[in-house]
Amino acid sequence: MAPRLYRLARLREYITPCCYIRERFSDSRVTSFVTGCYLIPMAIYVLAQIKSISTLMAGLTGSKSAAFASTGVLTAIMLLYESLGGLKSVAWTDVAQVRLLSHQKSLVVGSTLSHCVLFCPLASYPPSPPP
């Protein structure tokens, strides 16, 4: 089913699943319900991000006022970014972040494997018996 939906999404230029739901059911109540279902986990995610920045700033500075100020700044940046770019820019930013994280993961795995190949043979195998 996913390949058919992918082709349909490319053909009709869907950006979110709600675009598909709106066209498929042609009912604003269904679209609103699905949108609400998507907003619940998104709200939890955004609150977790704001809380993590606040906790990080409180730990770094030792001041709750810095944590409160950083929370306000982060919220303002998020709202500005969303209002200027819209949901499409957020979706493309997520795609870029996934690609970047995938490349970083490959670099970490590659450097770990190269470290093991280069430095593991230097260890004495089998270990020397105790005297």
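Here is a friendly conversation about this predicted model.

Visitor: What is the pattern of secondary structure along the chain?
Guide: Welcome! The chain has four helices and zero strands. Read along the sequence, that gives the pattern α-α-α-α.

Visitor: How many of the residues count as buried, as a percentage?
Guide: The chain has 131 residues. It exposes about 11,000 Å², with carbon and sulfur atoms supplying 71% of that area. The share of residues that count as buried is 11%.

Visitor: Among contacts between residues at least 6 apart in sequence, what percentage join residues at least 24 apart?
Guide: A contact here means heavy atoms within 4.5 Å. Taking the contacts in the chain between residues at least 6 apart, the part that joins residues at least 24 apart is 17%.

Visitor: What distance does helix H3 reach from its first C-alpha to its last?
Guide: Helix H3 covers residues 28-61, and it has 34 residues. At 1.5 Å a residue, 50 Å would be expected. The model comes close to that, with a reach of 48 Å.

Visitor: Which residues of H3 are buried?
Guide: To count as buried, a residue needs a relative accessible area under 20%. One of those in H3 is Thr31, with a relative accessible area of 12%. The buried residues of H3 are Thr31, Val34, Ile50 and Ser54.

Visitor: Which residues is Thr31 in contact with, leaving aside its neighbours within four places in sequence?
Guide: Thr31 lies in helix H3 and is buried. With those sequence neighbours left aside, its contacts are Cys18, Ile21 and Arg22.

Visitor: Is Glu13 buried or exposed?
Guide: Glu13 is in the loop between helix H1 (2-12) and helix H2 (17-25). Its phi is near 60 degrees, a positive value in a residue other than glycine. Its relative accessible area is 67%, and the cut-off for exposed is over 50%. Glu13 is therefore exposed.

Visitor: Where is Ser26 found?
Guide: Ser26 has a phi near 50 degrees, a positive value in a residue other than glycine. With a relative accessible area of 63%, Ser26 is exposed. Its place is the loop between H2 and helix H3.

Visitor: Which residue takes a positive phi just after H3?
Guide: The phi in question is about 75 degrees. The residue that takes it is Gly62.

Visitor: Which residues form the aromatic pair?
Guide: A search of the whole structure finds one such pair. Its rings are 6.0 Å apart, centre to centre, with 70 degrees between the planes. Planes over 60 degrees apart count as edge-to-face, so this pair is edge-to-face. The partners are Tyr14 and Tyr20.

Visitor: Which of these two tyrosines counts as buried?
Guide: Tyr20 has 24% relative accessibility and counts as partly exposed. The value for the other partner is 15%, and buried means under 20%. The buried one is Tyr14.

Visitor: Which residue lies over the face of Phe25?
Guide: The distance from the ring centre is 5.2 Å. The residue that lies over this face is Arg24.

Visitor: How many disulfides does the structure hold?
Guide: A disulfide needs two cysteine sulfur atoms within 2.5 Å. For Cys19, the nearest cysteine sulfur is that of Cys18, 7.2 Å away. For Cys37, which is partly exposed at 39% relative accessible area, the nearest is also that of Cys18, 9.1 Å away. The number of disulfides is zero.

Terms used
Residues are numbered from 1 along each chain as its sequence is written. This is a predicted model: local features need pLDDT of at least 70, side-chain atom pairs count only at pLDDT 80 or more; totals for chains, interfaces and linings use all residues. Side-chain values use heavy atoms; hydrogens and water are left out. Buried means under 20% relative accessible area, exposed over 50%, partly exposed in between (1.4 Å probe, protein chains only). Helices (H or I, at least four residues) and strands (E, at least two) are DSSP runs, numbered from the N terminus. The expected span of a helix is 1.5 Å times one less than its number of residues. Rings of Phe, Tyr and Trp (its six-membered ring) pair if their centres lie within 6.5 Å; planes under 30 degrees apart count as stacked, over 60 as edge-to-face and the rest as tilted. A charge sits over a ring if NZ of Lys or CZ of Arg is within 6 Å of the ring centre and within 35 degrees of the ring normal. Accessible areas come from the Shrake-Rupley method with a 1.4 Å probe; for residues, only the protein chains shown count as cover.
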